[in-house]
Amino acid sequence: MNTSTSPNNVRIFDTTLRDGEQSPGCSMTPPQKVVMARALAELGVDVIETGFPASSQSDREAMALIARELRDTTLAVLSRCLEADIDTSLRALEGAARPRLHVFLSTSPLHREYKLRMNKAQVLDSVHKHVAYARRHIDDVEFSAEDATRTEIDFLAQVVEAAIAAGATTINLPDTVGFTTPEEIREMFRKLIAEVPGAGNVVFSAHCHNDLGLAVANSLAAIEGGARQVEGSINGIGERAGNCAIEELVMALKVRNAFYNFDTNIDARRIVPTSQLLSRLVGMPVQRNKAVVGANAFAHESGIHQHGMLRHRGTYEIMRPQDVGWPDTQMVLGRHSGRAAVEARLRALGYWLEDDELAAVFEQFKALCEKQRVVTDSDLQLLMHDDASGNQGYRLASMTINDGGARTGDIRASATVELSDPNGERFTETANGDGPVDALFSALAAATGVDLVLESYQVHSVGLGADARGEANLSVRYGDEEYDGTGTSKDVIEASALAWLDVANRILRERNAVRAGGVIAAA
Ligand code: KIV
Ligand code: ZN
């Protein structure tokens, strides 16, 4: 809820559930929309656009469900300039504590001629008539001039004047096809706000699409031009290249507050959890290098950067990861990392080394980086353990998988693993299973004597083309404890075996009870 009356407050109108949801691959069921709407309310958005009721029963259902729960956030729905659409939207809004009706009509020459087949006078008439119709039923009416940025400025001024005269309380000027530039949109807002009669009594809003990657920059420029509401979506989802990414806009206003001098009501620490929730709900991963919410946004691998970060985080970070909801900065250890970063990570894991010890471990670390892209904490622990005791744990020497007729269900899959045990002795073990991975894990359990209960198992590809590798991540239960393991290899089945051994070796080390070929019961 926007309680602020400060002239320097920018309202955030979230359209993740409408513009975002209507984009390919992002559809949500009504219950999923409710989950997302709750998160958006917690995030602190001022308005949630829940859908386009005339377009689907699902949007009407979602609106009703959300209205029951969210009593403090303004809930908006979209309508074309048609009485039937508006009536449907009004019915959908019935249960809402703070309802807003959002009506739109295209105004640009292209849209007038080819989409609407209407002339300027007909557009003006329709805007006035439908905004007035909506206002007879509801106090909070937003009007959007679709394709505003490609509309003749004098005609756009007439449209805005008609909408204000008919009672619109918010005027939205979308850059529907992501065509404008920061200079142009700033000037458009400045001119209309200065010249249109009644402009001082309404809130002006920007709604920018990202076709040229300018949606956030254009929204910031619109604010400079006088907009006091910005429409956008989480992770920037939306039609084609998407909408203004709310997380980026909010953090630009926050980090560069001394420059912009505008605030929002967003609780920035909720940004990453909200982004991740959306990504899970729609099954669309967030691009790793996406600003603020991408996995690499606060990750540093190169030695020079890691060294700088260890001296002063401000060298390579302009905001704290915790301030947007990440647990911490991530120092990714890999081929580009330097000794200082390896030492810092080892200290965080409890290892304080003399210079010569560190030099030896760093050599082993570099050798490991030739084999795998990322060196995890457990890899480092393994290095340290090997170094301290000469204990190599179980190592995979080779494996043979036979899925036989497993796919058709005729014959069970079988796996044979050849391991070297902690004393360096090689031995093999074979097991059957329901599919190759099940057979593989059974063979490893039989070979090591470690019986793990698999809680989750994921494989995904890291990198592209010839450089691509499979990464397997496991969560397992052993006794009362939960363990995570990671394995990386060119082959995803081998990566799975390495992830399994990663966990098993850790358990065996922890219990200090490694016996070649011996069976260790779960605690
Ligand atoms: O991009 C656009 O013009 C829109 C309007 C319907 C607000 O989404
Ligand atoms: Zn849009």
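Helices α6 and α7 run roughly parallel to each other in this predicted model. The angle between α6 (residues 120-137) and α7 (residues 153-165) is about 25 degrees. Angles under 35 degrees count as roughly parallel, so the description fits this pair. The two axes lie 8 Å apart. The crossing of α6 past α7 is right-handed.

Side chains from both helices build the contact. On the α6 side, the residues are K120, V123, L124, V127, H128 and V131. Their partners in α7 are F155, Q158, V159, A162, A163 and A165. Sorted by class, the contact of α6 with α7 holds nine nonpolar residues, two polar ones and one charged one.

A zinc ion (ligand 2) forms the second feature described here. Its protein donors are D19, H207 and H209. D19 donates through OD, whereas H207 and H209 each use NE2. These donors lie 2.0 to 2.1 Å from the zinc ion. Along the chain, their spacing reads D-x187-H-x1-H. D19 belongs to helix α1 (residues 16-20). H209 sits in the loop between β7 (203-208) and α9 (215-225). The pair D19 and H209 therefore ties together parts that are 190 residues apart in sequence.

Both of these donors are shielded by the protein chain under the cut-off for burial, which is under 20% relative accessible area. D19 has a relative accessible area of 3%, so D19 is buried. H209 is at 4% relative accessibility and therefore also counts as buried.

Terms used
Residues numbered from 1 in each chain as written. Chains lettered and ligands numbered in written order. Predicted model: local features only at pLDDT ≥ 70, side-chain atom pairs only at ≥ 80, totals over all residues. Heavy atoms only, no water. Donors = N, O, S within 2.8 Å, 3.2 Å for Na, K, Ca; no water. Helix = DSSP H or I, 4+ residues; strand = E, 2+ residues; numbered from the N terminus. Buried < 20%, exposed > 50% of the residue type's maximum accessible area, 1.4 Å probe, protein only. Axes fitted to C-alpha atoms, helices over the stretch in contact; angles between N-to-C directions. Parallel < 35°, antiparallel > 145°, perpendicular 65-115°, else oblique. Left-handed = near helix turned anticlockwise from the far one by under 90°. Contact = heavy atoms within 4.5 Å. Nonpolar A, V, L, I, M, F, W, Y, C, P; charged D, E, K, R; others polar.
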